[in-house]
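Biologist: I have the sequence and the fold on screen. Can you walk me through the packing?

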Amino acid sequence: MDVYDVSDDLVKKLNDWKLIGIISGKFNELKENYSKVNFVEHALIDFKYMEKIFLNVPLREDKCNKRSVEFRMLGNEQFSLKNRKYFQALELYNKSICYAEPNSEHLSIGYANRSAVLFEWKRYRECLANITLARKANYPARLSHKLDKRERDCQQLLEQQPPDVVPFEFKLNFDPHTQVPYIADCLELRESADEGRFISTNRDLVVGDLVAVEQPFCSTLLPPMRYIRCATCKQENYLTLIPCDSCCSVMFCSEECKQRAMSTFHRFECPIIDFLHRMFNKIHGIALRTTLAALDLYPSIEELMTFCEQPQNQHKCAFDLDYGQLSPQEHYRAIHGLVTNQHMRSVSDLFQRSVVCAVLKHFIIEYTPLKDHLGGEDGRNFFTDLLFRHLQTSPSNMHGIDLVEQVNETMDDQTHSSGAYAFLSLLNHSCAPNTLRIYEGTKAYLFVLRPIKAGNVLYDNYGAHFAIFSKQQRQETLSMQYRFDCKCEGCELDYPTFGRIPHKATVPSVRDDTDMKSLGAYNYDFAASNYRKYCDFLTQYGAAYPCEQISSAEECLKMALHIMVDAVPLKAKM
């Protein structure tokens, strides 16, 4: 069961009982968004949906030594001489650590087992850190001889561990913008009736030009990554993570990140963390996290209400902020000002979003400390309005934070988080984009992917790329999720998908077996030495787009840039 199952079943029942017209009419008459959501919440309560959800979906799994031992045994199996699957072993040991009951020996044994994997992987510094964690967690004396020997061996081998890859620090190719200092001064904000707000350039840009470097207002880790990355900073840190003291689904890379989370978003999410992961998707997750981050801006809900109601804080974007004093409150002005497109949404669309909002707000208010923070009815209604707003802005404005593409891996292995980026949200979509987003952690770099003439528009890709999806598939997806009919060059000229992209005899090939082998092995030195080669090729032959040689060069450039910022997961390095 997820929240869309609830919405679909409610609509089906209303249709079966011939109540859909009456309910839709009453819903549509309500002017305030919180009134719409409250109306739907009452319907869900009256029809026993909230009770059914509570009875069938656990809010939070309890710590359990039995489960901890089960995951540790599975980790041992992956770590065995027969398998030697170190990454899988580490992930399972992390689950074992998360499920271990406080003050039990199973927590310390989980750390010790993790140190054994890291020793075999020759990560001696991280091995020693885990030995320290095991001892702090009261590692059993009967087993201490194993830990003592591993520690002595580590100390002797420590100097053999090579230094970690230091991500390449890219710099803007132009002077910083006078209004938005983290973007190039050649970029301009424009607006039209057809395209809304968009970004253009006042000078020619070539492939590889770095035109923006942006940090998100907030970000949220996706559930498949919960035993792999820190929930606060989103780093892997060789999977040497520590658990939340209360839940089994969140880990942190340090006590600092743990305390930061517990004082902000996780104090509200923790009591219902497994309910959130099971019932909602990544769009709902970043909408909730953005709302909780907004609540954290001020000590009281009343101060945030005042802030959001002030005219100077409405309908703003990245170009309206005061970067001389870029506080979190100032940053949020641009996130709060993202377009909802509510006037374009159908009654059925708004009703479904109201179901999502109603279920989410009902459980987070009823079963977490949020109820006390919000106070009375005014505070709860304001929170509902804010959450509903971000549930509308998130699908078309929030961004997936991606890693390098890996052979035979799913998107779960390539996207680790979602983030709220004020500037990147201003980029419009093209199925044949001329820019490329690369992430170092959660910091976004925006590179030029295709030559852009002065006066032309910068285009991002919202996931519907012509090389992967047919025109019909793209049009349907974009219309449903983003509420526009795409008229980009890829659609107007009906560019072919990857298998049908032509090979042009007038265009040479920029890659050979060495490129594929070195990039496939995530060779940093090769990537740093050759990425300019791909940029120059794509600039020189840009007029031949699209063709097989250009598509191949684009993929090589993407790989090289990902490698240079170390956006390569440990799973691929092992």
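**Cores, helices and one surface patch**

Modeller: This is a predicted model: local features need pLDDT of at least 70, side-chain atom pairs count only at pLDDT 80 or more, and totals for chains, interfaces and linings use all residues. Residues are numbered from 1 along each chain as its sequence is written, and side-chain values use heavy atoms, with hydrogens and water left out.

Biologist: Which helix gives the most to the largest nonpolar core?

Modeller: A nonpolar core is a set of buried Ala, Val, Leu, Ile, Met, Phe, Trp, Tyr and Cys residues joined through side-chain atoms within 4.5 Å. Buried means under 20% relative accessible area, exposed over 50%, partly exposed in between (1.4 Å probe, protein chains only). The largest core has 89 residues, and Leu44, Phe275, Val359 and Phe423 have the most contacts inside it. Helices are DSSP runs (H or I, at least four residues), numbered from the N terminus, and the one giving the most, with 11 residues, is H16 (residues 347-366).

Biologist: How many residues does the other core have?

Modeller: That core lies apart from the largest one. Among its members are Phe71, Ile131, Cys248 and Ala261. Its count is 51 residues.

Biologist: Which glutamate does Phe423 touch?

Modeller: Contact means heavy atoms within 4.5 Å. Residues up to four places away in sequence are not counted. The partners of Phe423 include Tyr182, Ile199, Phe319 and Leu446, and the glutamate is Glu214.

Biologist: Is Leu55 buried or exposed?

Modeller: Leu55 is found in helix H4 (residues 49-56). With Phe54 and Tyr367, Leu55 makes a nonpolar surface patch of about 310 Å². Because its relative accessibility is 62%, Leu55 counts as exposed.

Biologist: What covers the buried residues of H3?

Modeller: H3 spans residues 33-46. Its buried residues include Asn33, Lys36, Val40 and Leu44. The cover includes helix H1 (3-16), helix H2 (20-29), H4, H16 and helix H18 (377-397).

Biologist: How many residues of H13 are buried?

Modeller: H13 covers residues 282-295 and has 14 residues. The buried ones include His284, Arg289 and Leu295. H13 is mostly covered, and the buried count is 11.

Biologist: Is Asp274 buried or exposed?

Modeller: Asp274 sits in helix H12 (residues 273-279). Asp274 touches Pro58, Leu59, Arg60, Glu61 and Ser249, leaving out residues up to four places away in sequence. Because its relative accessible area is 13%, Asp274 is buried.

Definitions and conventions
Helix = DSSP H or I, 4+ residues; strand = E, 2+ residues; numbered from the N terminus. Patch = residues over 30% accessible without salt bridge, like charges linked within 9 Å, V, L, I, M, F, W, Y side chains within 5 Å. Areas by Shrake-Rupley, 256 points an atom, 1.4 Å probe, with all protein chains shown as cover. Salt bridge = Lys/Arg side-chain N within 4 Å of Asp/Glu carboxyl O. Expected span 1.5 Å × (residues − 1).
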